[in-house]
Amino acid sequence: MSVAVREAPIVKPDAPAAVNDFAINVATANGSGSQTSNGVLLRALFKMGIPINGKNLFPSNIQGLPTWYIIRLSKDGFLARREMTDIQICMNGRTVAEDMERAAPGGIVIYDDSLPVANRRKDVTYYGMPVKDLVKEAKLPHALRDYVANMVYVGVLAELLGIEPEEIEAALLHHFEGKEKAAGLNMEMVERAIGWASAHVGQHHGYRVERITGFNEGKILVDGNTAAALGALAGGLSLASWYPITPSSSMAESVEKYASTLRTDPDTGKATVAVIQAEDELAAIGMVVGAGWTGARAMTCTSGPGISLMSEFAGLAYFAEVPAVIWDIQRMGPSTGLPTRTSQGDILAAYYLGHGDTRHVVLFPANPAECFDFGRIAFDLAEELQTLVFVLSDLDLGMNAHISEPFAYSDAPFKRGKVLSAEDLEERQGSWGRYMDVDGDGIAYRTLPGTRHNMAAYFTRGTGHNEYGYYSERPEDWEQNLERLKRKFETARQLVPRPVLDEVEGAQVGIISLGSNHNGVEEARARLEATGLATNYLRLRALPIDESVRDFIERNRIVFVIEANSDGQLHNILTTEEPAQALKLVSMAKCDGLPLSARYIVGEVEKAVEEALI
Amino acid sequence: MSTRTRTRTEAAARRAARPAKTNRIGLEKTAYRGRPSTLCKGCGHDSISQRIVNAAWEMGLDQTQVVKLSGIGCSSKTPAYYLGWSHGFNSLHGRMPSVATGAIIANASLEVIGVSGDGDTASIGIGQFKHAVRRNLPLIYIVENNGVYGLTKGQFSATADEGQFLKYQGVNDLPPLDICMEALTANATFVARSFAGDPKQLEALLKAAFNHRGIAVLDIVSPCVTFNNHDTSTKSYGFGRANEIKLHDLNFVPEFEEIEIEDYEDELEVELHDGGSIILKKIDPDHDPTDRTAAYNVIQQSLDEQKLITGLLYINEGEPTLTELLNLTDTPLTHLPDEKLRPSREALEGVMATLA
């Protein structure tokens, strides 16, 4: 067996260690089982009470292409991606040279010692792991060897940093859903690696993890897609129809996974929810529209290319006024783009999807707990407003694990909107028109197919119609109908989730952002405040905007609109809807496929200070 | 399903089914009408609408429990013209099947009629058509097939005959798609072909379709009097009248009508899911509609010989429908109260515990 060479440690044994405050980048090959190792590491750290986040940067590939997993530990509780790498794990020969360059000065590189090491830097510490030898010694079934090889770095990190082996074992059992044999095989590999590291490497003095309290208690570790699926199931979902597309597939698969546990009728043992894998996205949204029209809560989940295909149905749902919900887990476009990288590039497309004059309600969840809540709220809004509601998540929020508040159970009655029953019709003999604005809020009354009354029926169409749903090409009918739809959109402004405001006394610089940028924004604000620049923050949770957005802009001298796309799409909408204040709005749009970092935001704000914008 | 030969007189069956002024739920036929048609005078589609009105009235259907869906095109306008007490949805071009799928899952107790055309089904909607068939969606899928695009003024559809001539398009040099063949290949459980100008057969097939448990595909040749009603087209009145070959004389006996049995040779009775039965008096003694291979052969024969072979080509009452496969509650999902549409607090907490 080869022995690791420990070279030129930079950190002196008596220097203060970075405790619970550094970033690990794990470079592996896709399909090599590293997802298990990385997930186990993240969970073990989470259970030790340490604020962490994990970002999976994976290729559009099944096996072989390089994958990186970045785990950040933050004693201060910052949960955004960090750009700096302190500890670099190298398991992939194809990228080892560039991976080794990534470690920050003073950092460490842990590598599979069978990989070639071209240039050794003087400013980092190298540890070579005898992965092949350790795997061979473990005498594992041949087929499993490749999959457990990644457990070697889990063990080495455990010893080096002080991750509790009991938590690794518990995380393995959790990962394998209690299957002790599978967990045991992996744990054996971890223990061998710990043993080797203990004999040849020892604990590192520069980077340490320590169990802490005060942050993770009572929290859960979950990805946004799972949260959204649970929220939909708890929110009355009756039909989920979908077509596979990264990064939304795991949301539909989670619905499928939890449907039997959560939505089997205890009295009959039968299902109260249906999941259909459709032939394409057009059929997926078509089924949602059919079910919504009939009176069921239906949802599809997709990503950019999917909403392009759903465009015609989006217009129909808007104009024929059919409740429908689309979850768009955004990825990088245009076109196939970067299918496994995150983005917020569908804001404009979702808001205006459809030909002619269409605008839709769009929700922006920022964390898993909000994904859960919006699972129900999206249905409430769709049925109250009788329209299509988008929920825009993204790959970072949807597929990466996040520390979250546990989901709040709600037994509040579902808001089913204005639906006339047979008894209602009996009372209103002669006075019902499907598209008649009785209450002045733009929302008309509807009936559901199957209502046992001979006045219940109406004809739904995407063509021009009058207040009774009859075909009409009369200019007045067309105009009146669109005017009513505008009135309905004004009602929507008051019904959608309000922005979340965090304002600091005396601050005059504002930030408007949305969705998964939240963690980066919060960290950037803390760092800016430490340098004497306090900021106000409005986290937008929905379109259309309400008056609180206008008031917020008014209260600030300048407002940065921060989003993860190239064109500044939210900035575009805000300047259109608040033209009088457009000059105050400065676009800060970043589009590189990675979750936003605080460093980027701080840098941009400081640049603006230099340019005397502030 | 069960099939057996049974003897009876046609006259007796007719007597039993003879319409009165009001039907069994006390309604006159006018109650089954819709809005006035805006299609061209003489359009085959209007004849089909009338057959739907007749069949629904004679069967005493409760229109409030019926839903009419369509795509886009002349045919897809027709749901406005019949069953005025039924909810209708004129959806998107080629996308009626997906809307129907959603509606049926939402409320599986509804009787759903989907109306489409040859462009709507065989061109833009061929994918959704075949997948609805593959899922055995409990849907009556009517294709009003005239081989031409009407609303856009006379373009060839995918069912147009090879070598056919149209005024603005010239000669069609591509072979047609055959709706029945496509349905059969996608594992349809009820495939029939009929002719808009054959009211008796069409009504019997419609009634049988209402009683079939899965998807019932009816390819109905329905001449376009404006763009495609000339004798060189297999979708014209002239061709249909001259070349229609019926596989059998059809009669449908609903469950609530007494069946009188008398001597009659060569009949096949197919019992349908909802208790009714369709009686086929064979003209071609070789065709057994429960035999898939035979159905393929009949369709191929009609293509080879350029004959309009009509009747019930294939039926299979044994396959589960989509809603059966989904194992949904007997109560339609739309009728479930809130507490049935969400997990219990304990069930959600159980899931939470696995994420902590």
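This briefing walks through a two-chain structure, from the chains themselves down to one loop residue. The model is predicted, so keep that in mind throughout. Chain A has 614 residues and chain B has 356. The two meet over an interface in which 56 residues of chain A are in contact with 48 residues of chain B.

**The two chains**

- Chain A comes with 21 helices and 24 strands. Its radius of gyration is 27 Å, close to the 25 Å from the globule rule for 614 residues, so chain A is as compact as a globular protein of that length.
- Laid along its principal axes, chain A has C-alpha atoms that fill a box of roughly 90 × 65 × 40 Å.
- In chain A, 54% of the residues count as buried. Take the chain A contacts between residues at least 6 apart in sequence, and 76% of them join residues at least 24 apart.
- Chain B has twelve helices and 16 strands. Here the radius of gyration is 21 Å, close to the globule rule's 21 Å for 356 residues, so chain B is also as compact as a globular protein of its length.
- The box for the C-alpha atoms of chain B is roughly 70 × 55 × 40 Å along the principal axes.
- Buried residues account for 55% of chain B. Of its contacts between residues at least 6 apart in sequence, 73% join residues at least 24 apart.

**Where A meets B**

- Back to those 56 residues of chain A that are in contact with 48 of chain B. On the chain A side, the elements giving two or more residues are strands S9 (220-223), S10 (237-242) and S18 (459-461), plus helices H8 (224-234), H9 (249-262), H10 (281-294) and H12 (311-320).
- H10(A) gives the largest share of that side, with ten residues.
- Sorted by class, the side of chain A that touches chain B has 33 nonpolar, 15 polar and eight charged residues.
- There's strand pairing across the chains too: S18(A) and strand S3 (residues 87-90) of chain B pair in the parallel sense over three bridges. A:Arg461 has B:Asn90 of S3(B) as its bridge partner.

**A closer look at H10(A)**

- H10(A) has 14 residues and reaches 20 Å from first C-alpha to last, close to the 20 Å expected at 1.5 Å a residue.
- This helix is mostly covered, with 14 of its 14 residues buried.
- Just past the end of H10(A), A:Gly295 takes a positive phi of about 115°.

**A six-stranded sheet in chain A**

- Six strands of chain A form an open sheet in the order S3-S4-S2-S5-S6-S7, with mixed pairing. Strands S3 (52-57) and S7 (125-129) stand at the edges with a single partner strand each, so one side of each has no neighbour in the sheet.
- From one strand to the next, the twist averages 15°.
- At the S3 edge, six bridges join S3(A) to strand S4 (residues 66-74) of chain A, and the two run antiparallel. One pair to look up is A:Asn53 with its bridge partner A:Arg72 in S4(A).
- Helix H1 (residues 34-47) of chain A packs on the sheet, touching S2 (21-29), S3 and S4, and its direction makes about 5° with that of S4(A).
- Helix H5 (residues 151-161) of chain A packs on the sheet as well, touching S2, S5 (85-90), S6 (103-112) and S7, with its direction at about 135° to that of S7(A).

**A helix pair in chain B**

- Helices H4 (residues 96-106) and H6 (residues 126-134) of chain B pack at an angle of about 35°, and their axes are 8 Å apart.
- H4(B) brings B:Pro97, B:Ser98, B:Ala100 and B:Thr101 to this contact, while H6(B) brings B:Gln128, B:Phe129, B:His131 and B:Ala132.
- That makes four nonpolar, four polar and no charged residues in the contact of H4(B) with H6(B).

**One loop residue: A:Pro544**

- You'll find A:Pro544 in the loop between strand S22 (542-543) and helix H19 (547-555) of chain A.
- A:Pro544 has 19 C-beta neighbours inside 10 Å, so it counts as partly exposed; being buried takes 20 or more.
- Leaving aside residues up to four places away in sequence, A:Pro544 touches A:Phe489, A:Ala492 and A:Arg493.
- A:Ile52 lies 492 residues from A:Pro544 in sequence and 34 Å from it in space, C-alpha to C-alpha.

Notes:
Residues numbered from 1 in each chain as written. Chains lettered and ligands numbered in written order. Predicted model: local features only at pLDDT ≥ 70, side-chain atom pairs only at ≥ 80, totals over all residues. Contact = placed C-beta atoms within 7 Å. Helix = DSSP H or I, 4+ residues; strand = E, 2+ residues; numbered from the N terminus. Nonpolar A, V, L, I, M, F, W, Y, C, P; charged D, E, K, R; others polar. Pairing = 2+ DSSP bridges. Rg over C-alpha atoms; globule rule 2.2 N^0.38 Å. Buried ≥ 20, exposed ≤ 12 C-beta atoms within 10 Å, placed from the backbone. Axes fitted to C-alpha atoms, helices over the stretch in contact; angles between N-to-C directions. Expected span 1.5 Å × (residues − 1).
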